[in-house]
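Colleague: Please put the model up, and then I will ask about pockets, cores and backbone geometry.

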Amino acid sequence: MVMSAAAPAFAGQPTDGAINFQAPATGSMRQIVDFHNFILPIIVVITLLVLALLAWVMIRYNRWTNPTPRKFTHNTLVEVIWTVVPVLILVVIAIRSFPILHAQERAPPAAVTIKVTASSWAWAYEYQDLGVTVNSNLLPEDQAVAQQRPYLLAVDNPIYVPVGENVQVLISSNDVIHSWTVPAFGVKQDAIQGRTNVGWFNVERAGTYYGQCSELCGINHAYMPIEVRAVPRAEFERWIVEQGGSLEPPAEAAAETAPAAAPAEAAPADAAPAQP
């Protein structure tokens, strides 16, 4: 398969020693990171509060410090607090999370649609409107080292997408359950046999982005990487042509979208016959 120009320098991939998310490459992933940064302090406060309460109860009310316990079973104020406060916290979380879920599930009109089919253990990509099919397998270690590309992330045939345009992915499987996951895009969709799941992304800057199957799918689960190269539109179109594809819409689609020819006007019923 003919390869296009070298991949852009930026790479969305795991970093040794890092504890945070990869740098977001899409608006969806940025929303996910913002939501994480919003909810993490709430989780930390709740965890520390529960820990402090448990420690206080264990120290203050154990057998040695409180040999004669008080005999009561209810406290209306405490019960109201521990019911109302969690409900309010959940409402706040829902207000922030539901719009993100809605945006992820409601894919906008796509400039490019890619059908992704998982098999044990590789990915097949089909640009249905452009006539291109790409079979993507793990790049062998010796080739990855020679090309200075990350082993277990790089593939022999990466896919290309245009920067700044909506890309829709239709994800399915030929066998067991897999999961098409690219962390920098905020996309993680299971690939299930007999079912088509839909995801979408819009990459904001050129670069090479890596992902992996994130559903335990068998003995070679760890050798099923994903490599996506986001490039300017002109380079994307050049790559499509290099793969033998066409930038023109399929004939069937063109026929469906072409305006119908205007019917010929019928002659008036009372028109006089033509003279010989």
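The questions and answers below concern this predicted model.

Colleague: Which helix gives the largest share of the lining of the largest pocket?

Modeller: The largest pocket has a volume of about 730 Å³ and is lined by 20 residues. The elements that give two or more residues to this lining are helix H1 (27-60) and helix H2 (76-105). The largest share, 8 residues, comes from H1.

Colleague: Which residues lie nearest the centre of the largest pocket, and how many residues of its lining are nonpolar?

Modeller: Nearest the centre are Leu-49, Leu-53, Val-78, Ile-81 and Trp-82. Sorted by class, the lining has 2 charged and 2 polar residues, and the nonpolar ones number 16.

Colleague: Which residues have the most contacts inside the largest nonpolar core, and what does Trp-180 touch?

Modeller: The largest nonpolar core has 36 residues, and Ile-114, Tyr-127, Trp-180 and Phe-185 have the most contacts inside it. Leaving aside residues up to four places away in sequence, Trp-180 touches Lys-188 and Gln-189. Under that same condition, the list for Trp-180 also includes Val-116, Trp-123, Tyr-125, Val-169, Ile-171, Val-187, Phe-201, Ile-226 and Val-228.

Colleague: How many residues has the other core, which lies apart from the largest one?

Modeller: Among the residues of this other core are Leu-139, Leu-153, Ala-154 and Tyr-210. The count for that core is 5 residues.

Colleague: Why do the buried residues of H4 line one face of the helix?

Modeller: Helix H4 covers residues 233-242, and its buried residues are Glu-235, Phe-236, Trp-239 and Ile-240. Seen down the axis of H4, these buried residues line one face because they fall within an arc of 145°.

Colleague: What covers the buried residues of H4, and which exposed residues are on the face turned away?

Modeller: The cover includes strand S2 (112-119), strand S3 (122-127), strand S4 (132-136), strand S5 (159-162) and strand S11 (225-231). On the face of H4 turned away from its buried side, the exposed residues are Ala-234 and Val-241.

Colleague: Which residues does a cis peptide bond join?

Modeller: Most peptide bonds are trans. The cis bond here has an omega of about 5°, and one of its partners, Trp-121, is found in the loop between S2 and S3. The residues joined are Ser-120 and Trp-121.

Colleague: What phi does Gln-148 take, and is Gln-148 buried or exposed?

Modeller: Most residues other than glycine have a negative phi. Gln-148 is not a glycine, yet its phi is positive, about 55°; its place is the loop between helix H3 (141-146) and S5. Exposed means over 50% relative accessible area. Gln-148 is at 76%, so it counts as exposed.

Colleague: What is the phi of Leu-152, and how does Leu-152 count by accessibility?

Modeller: Leu-152 is in the loop between H3 and S5. Although Leu-152 is not a glycine, its phi is positive, about 75°. With 29% relative accessibility, Leu-152 counts as partly exposed.

Colleague: Where is the positive phi of Gly-244, and what is its value?

Modeller: Gly-244 comes just after H4. There its phi is positive, about 90°.

Colleague: Is Asn-66 buried or exposed, and which residues does Asn-66 touch?

Modeller: Asn-66 lies in the loop between H1 and H2. Its relative accessible area is 17%, so Asn-66 is buried. Not counting residues up to four places away in sequence, Asn-66 touches Arg-60 and Tyr-61.

Technical notes: Residues numbered from 1 in each chain as written. Predicted model: local features only at pLDDT ≥ 70, side-chain atom pairs only at ≥ 80, totals over all residues. Heavy atoms only, no water. 1 Å grid on protein atoms, 1.4 Å probe; cavity = no way out; pocket = protein on both sides within 12 Å on 5 of 7 lines; lining within 4 Å. Points joined across faces, edges and corners; volume = space filled by probe spheres on them. Helix = DSSP H or I, 4+ residues; strand = E, 2+ residues; numbered from the N terminus. Nonpolar A, V, L, I, M, F, W, Y, C, P; charged D, E, K, R; others polar. Core = buried A, V, L, I, M, F, W, Y, C linked by side-chain atoms within 4.5 Å. Buried < 20%, exposed > 50% of the residue type's maximum accessible area, 1.4 Å probe, protein only. Contact = heavy atoms within 4.5 Å. Arc of directions from axis to C-beta.
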